[in-house]
Amino acid sequence: MTGWCERQRNILDVALASLRRRRGKNLSLLVVYSLTVFLGASVMFYSAGLKREARLLLSAAPELVVQRLSAGRHDLIPVAYAEGIRTIRGVGTVAPRLWGYYYDAVYGANYTVQVPTLPPPAGEIVIGPGIARLRKVAAGDLLPFLSYRREDLLLQVREILPAESELVSTDLLLLAEADFRALFSFPSGVATDLTVTVRNPQEVATVARKIVERFPDTRPILREEMQATYAAVFDWRGGLLLVLFGVVLLAFIIFAWDKAAGLSAEERREIGILKGIGWETGDILTLKFWEGTSISLTAFLLGTLLAYVHVFLLQAPLLAATLKGWAVLYPDFRLVSRIDAFQLTVLFVLTVIPYTVATLVPSWRAATIDPDSVMRD
Amino acid sequence: MPLRRADIFGVLTASGLLLLLALVLRGSGPDPAEADRLTRLQRLVTEAQLTDLALLTEARYTRHPTQADHFAPFQDHPLALDHFPSGMFWSPRRPAP
Amino acid sequence: MILEPGILALILLSLITSGTILYALRHIVPILYAWDLKSGSEGQLQLERRTYLLSTLLTWAFVAELTSLLLLVYTAENLHERFTGAMCAAGVFNLNAFGYPALLLKLGNFLLAGCWLVLNRADNSARDYPLIRGKYLFLLVLTVPLLAEGVVLGLYLLNLQPDVITSCCGSLFGSRAVGLGSELAVWPMRPLGLVLLLAYVLNLGSGSFVLRKGRGSYLFALSGLLVLFLGISAILSFVAPYFYELPSHHCPFCLLKADYGYVGYLLCGGLLVGATAAAAVGVLQPFATRPSLRQIIPALQRRAVWLGLTLFTLCFLVATLRIITTDFTLFG
Amino acid sequence: MIRLVEVRKIFNAGRPNAHAALDGVTLTIRRSAVTVLKGPSGSGKTTLLSLIGCMARPTSGRIHLHGLDTDWLAPGEESLEITSLPERFLTGIRRRAFGFVFQQFHLVRGLSALDNVMLPALPTGASRAAIAARGMALLERFRVAGRAGNLVEHLSGGEAQRVAIARALINDPAVIIADEPTAHLDSRLSAEFMEIIATLRSEGRTVVIASHDPLVYAAPGVDAVVVVRDGRIGESGSGRTP
């Protein structure tokens with residue numbers, strides 16, 4: 001065992017010395033390789049961070065939302081439906097939910113207007129930090145709105161939601177039910193949709209099926225589905241970028257293969273000498289393995305650590321626009337620094353293994369130079 | 001005798017790996033501040049009955065992707081460039097069963 | 001399919017492995033029909049050099065196999081939130097007909113590839129390539145399940161439909177469901193435990209016999225495989241419920257989570273590697289009488305027996321300790 | 001002792017450009033003696049040297065090594081027939097039993113003299129410190145210890161020659177193989193080389209040299225000269241016949 005270890009260390013010494021002798025070539029390889037890993041790692045860390053955030057936040061979302069459909073389009077739901085749903089076995093509470101959009105033509109922004117379970121008093125509103133930033137208002141200020149009846153509605157800002165909540169609340173405008181109905185001329189007796197709680201969480205799907213049976217014009221949306229949508233969205237985005245990254249990777253692999261396959265006369269001579277003085281094919285393969293591994297491991301570590309800094313400390317300036325999307329009301333949030341072993345494994349598989357495989361056959365070709373070649377030329 | 005190359009490399013690589021491991025562990029351990037933040041945000045989500053993130057607020061059919069109508073364009077085809085750039089990034093989602 | 005990093009990595013890995021195998025085929029066939037060690041011709045030298053390439057390729061394929069086995073379980077675990085009804089990896093594997101076959105093929109290939117590498121090791125230690133034809137014929141046969149695995153895994157991953165409602169482990173490994181997993185899971189604890197104990201004792205006995213007398217390798221190999229099969233059944237049937245302290249929760253994958261101290265890796269990994277070592281002991285046995293291998297094979301076998309016995313014993317200790325120490329009991 | 005029986009080596013066998021570099025060579029190299037293979041370039045002496053040094057395998061014929069101390073010999077086995085040995089084992093034997101000095105010395109550029117001397121011992125699994133100590137001792141013996149840390153491209157011809165000999169001796173081989181060692185040396189350095197060879201012989205080592213340099217084959221310490229011509233063994237020259 002110690003013999004094996006010593007042999008590996010001895011050969012690693014030679015491998016590192018050999019890399020150092022061809023500094024220019026190997027440094028360029030290392031830089032390109034690290035950049036490739038960096039790109040892939042940034043995409044992965046960023047989309048996983050968003051995904052995680054969405055999953056955790058939405059775990060607090062309503063278990064079940066019931067919407068009414070009219071000719072396939074979302075329609076307002078009569079509050080009377082709530083009574084019917086409440087009688088279904090397993091259903092806990094049913095509450096009407098009022099929400100909609102208010103388009104601010106001056107700023108070109110779209111607010112999400114919603115009545116929370118504990119609404120502010122009539123005439124007052126709670127706004128998200130994005131709106132506050134856009135309209136430059138502070139708590140206590142008055143904000144004018146134009147109602148659907150063309151009447152001015154002045155609402156006082158009671159509170160601005162904390163900055164840490166931007167990811168969910170940047171465009172949020174919370175207000176009392178009376179103000180909501182006045183703003184949109186919202187008819188009484190209807191709601192945007194209904195939220196339903198279910199006594200046994202295992203039964204949500206069953207309850208949803210019963211609701212559709214009882215009210216064929218409704219569409220229940222499970223919390224699980226909301227979370228799945230976000231997981232899909234970020235996987236899809238991250239995946240698209242990863243596919244682009246795949247092209248980069250392929251280019252890099254070809255580059256690496258070319259570097260590995262194109263042995264210079266000097267390298268060929270060196271391997272010939274080593275074989276001549278008693279190195280075995282297996283020893284040369286080990287040498288080549290260590291040359292490749294020292295490059296790929298270094299590039300992997302450099303790339304991931306740089307990506308960590310880029311994504312979590314600098315908030316991914318290079319990727320944010322594509323991964324987050326954009327809007328007038330743009331949430332300004334920080335991702336929680338978090339990576340896991342799974343991401344690292346995937347990254348390793350995506351970057352190190354193709355490189356190793358690409359250099360395998362060229363290494364073997366180099367290793368099988370005839371030992372007596374050193375005497376023949 | 002100076003430190004040999006193999007050992008320098010070994011130490012550097014090992015410290016890099018340890019750093020990564022530390023970052024992984026740091027992410028997996030409990031973080032009270034993070035837990036507090038999460039509790040506050042989850043309370044807000046529950047109280048306001050929110051169902052979506054405020055990532056794409058530019059149009060009503062992208063603000064609440066989980067609540068959108070079935071016919072909303074981005075749900076039909078990922079290449080429908082109805083609303084660039086969001087539209088091209090939403091994947092088609094089938095209607096809930 | 002789903003564009004998820006884990007899935008992309010799995011597809012890449014299986015493409016690489018299959019490509020490697022196909023490339024290896026190109027080199028196996030000439031070795032099988034043109035091998036002549038007595039000749040010092042350049043052709044023969046080329047063939048001998050190809051054996052280096054093949055050893056290296058296969059070692060890498062084996063490493064890739066192990067990585068992708070871990071990755072597959074990890075990815076399935078990671079994906080469960082995407083599928084309505086899938087509460088853990090078990091449900092994700094059940095999303096289409098190819099999930100469990102892919103997993104089983106992977107386990108089987110791990111076992112076979114491990115045996116091949118041990119055989120290769122023995123062959124390379126002797127000075128006259130005594131196993132050359134045998135081992136490359138074996139490899140030729142091995143390409144079939146390896147390629148099949150690539151195809152099945154590809155079919156599984158490409159056919160993942162996010163809108164399928166899958167059944168989670170509760171119904172999959174519960175007593176009401178049908179299918180291989182559930183049939184194993186409902187085996188009653190007492191008889192199964194007894195048979196497993198018997199197999200283990202048999203393995204222990206034959207193992208020490210191999211160590212002392214150098215005989216009984218086949219019995220050791222067979223009992224090792226038996227321990228693997230019964231051990232996995234036992235995990236499904238009663239070991240997992242003891243860890244979860246829930247009589248109805250039989251899923252083996254949840255054991256891999258941090259909540260249970262990753263004990264699943266120890267149990268499943270120990271059983272699998274131990275059984276591979278045991279199988280290798282049996283695979284080596286027919287060649288033990290070759291003159292050039294008379295010294296090499298017994299030494300290799302002894303090491304494999306030690307490895308197998310150690311791992312099995314470790315698994316048994318961990319599982320038994322849990323069953324004894326927990327308050328929970330499956331008996332009314 | 002190394003015994004070659006009816007050894008043939010054909011390059012490019014089966015192709016139109018096939019040619020026999022060696023054609024039925026039977027030869028015995030005696031232990032603890034200096035044997036010179038003499039012949040013009042292209043005579044096949046280098047091929048013969050590579051076969052003796054276990055670098056290549058003959059197309060047909062047998063090569064026996066006697067009195068070798070290796071792990072692979074079964075107890076009681078006296079000689080080893082190496083013709084059909086896989087490269088893996090051939091290399092193992094070669095590494096332990098043979099030391100090589102090449103034409104132009106073939107030192108690895110970019111490495112220090114000491115690193116070059118250590119190279120053949122590195123894959124054996126010995127500790128680096130032990131190998132370095134052995135290498136320094138050899139460099140001291142050949143009076144180049146002062147240049148141990150210098151890159152080999154900065155060494156003079158004589159120093160490079162002595163470093164190459166030190167490298168050949170790092171694994172303490174029983175046989176030294178040298179291929180045209182004096183081809184690029186002046187007369188003084190050539191004479192010095194032959195002096196070193198003579199001391200190696202006095203230590204009990206077997207030396208085989210391929211050369212057509214009179215300074216080599218006519219040197220006083222040479223025990224046997226084998227004339228190689230057109231892939232065959234010709235008449236023996238000066239010294240005692242093998």
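**Chain D, its contact with chain C, and a look at chain B**

In chain D, 69% of the contacts with a separation of 6 or more are between residues 24 or more positions apart. Hi everyone, I'm starting with that number for the fold of chain D, and please keep in mind throughout that this is a predicted model.

Let me stay with chain D for a moment. Its secondary structure comes to 7 helices and 10 strands. How does its radius of gyration agree with that of a compact globule? For 242 residues, a compact globule would have a radius of gyration near 18 Å, and chain D has 18 Å, so the two agree. If you prefer to think in box dimensions, the C-alpha trace spans about 50 × 45 × 40 Å along its principal axes. As for the interior, 58% of the 242 residues in chain D are buried.

Now, chain B, for which I have the corresponding contact figure. Among contacts in chain B between residues at least 6 apart in sequence, 20% join residues at least 24 apart. What does the chain look like in terms of helices and strands? Chain B has 4 helices and 0 strands, and along the sequence the pattern reads α-α-α-α. Of its 97 residues, 47% count as buried.

On to the interface, chain D against chain C. Chain D brings 20 residues to the contact and chain C brings 15 residues. Which residues of chain D lose the most area to chain C? They are R57(D), E87(D) and R88(D), and together they account for 40% of what that side buries. Taking both chains into account, about 1,500 Å² is buried between chain D and chain C, with 41% of it on carbon and sulfur atoms.

For those of you who like electrostatics, there are 2 salt bridges between chain D and chain C. One of the residues I just named turns up here: E87(D) forms a salt bridge with R49(C), and the closest N and O atoms are 3.0 Å apart. The count of residue pairs in polar contact between these two chains, both at pLDDT 80 or more, is 3.

Where on chain D does this surface come from? The elements giving two or more residues to the side that touches chain C are β1 (2-11) and α2 (87-97) of chain D. Sorted by class, that side of chain D has 11 nonpolar, 3 polar and 6 charged residues.

That's my tour, thanks for listening, and I'm happy to go back to any part of it.

Conventions:
Residues are numbered from 1 along each chain as its sequence is written. Chains are lettered from A and ligands numbered from 1 in the order in which they are written. This is a predicted model: local features need pLDDT of at least 70, side-chain atom pairs count only at pLDDT 80 or more; totals for chains, interfaces and linings use all residues. Side-chain values use heavy atoms; hydrogens and water are left out. Contact means heavy atoms within 4.5 Å. Buried area is the accessible area (1.4 Å probe) that two parts lose on being put together, summed over both. A salt bridge is a side-chain nitrogen of Lys or Arg within 4 Å of a carboxyl oxygen of Asp or Glu. A polar contact is a pair of N or O atoms within 3.5 Å; within protein, one must be able to donate a hydrogen and the other to accept it, and residues adjacent in sequence count only if both atoms are side-chain atoms. Ala, Val, Leu, Ile, Met, Phe, Trp, Tyr, Cys and Pro count as nonpolar, Asp, Glu, Lys and Arg as charged, and the others, Gly among them, as polar. The radius of gyration is taken over C-alpha atoms; the globule rule is 2.2 Å times the number of residues to the power 0.38. Buried means under 20% relative accessible area, exposed over 50%, partly exposed in between (1.4 Å probe, protein chains only).
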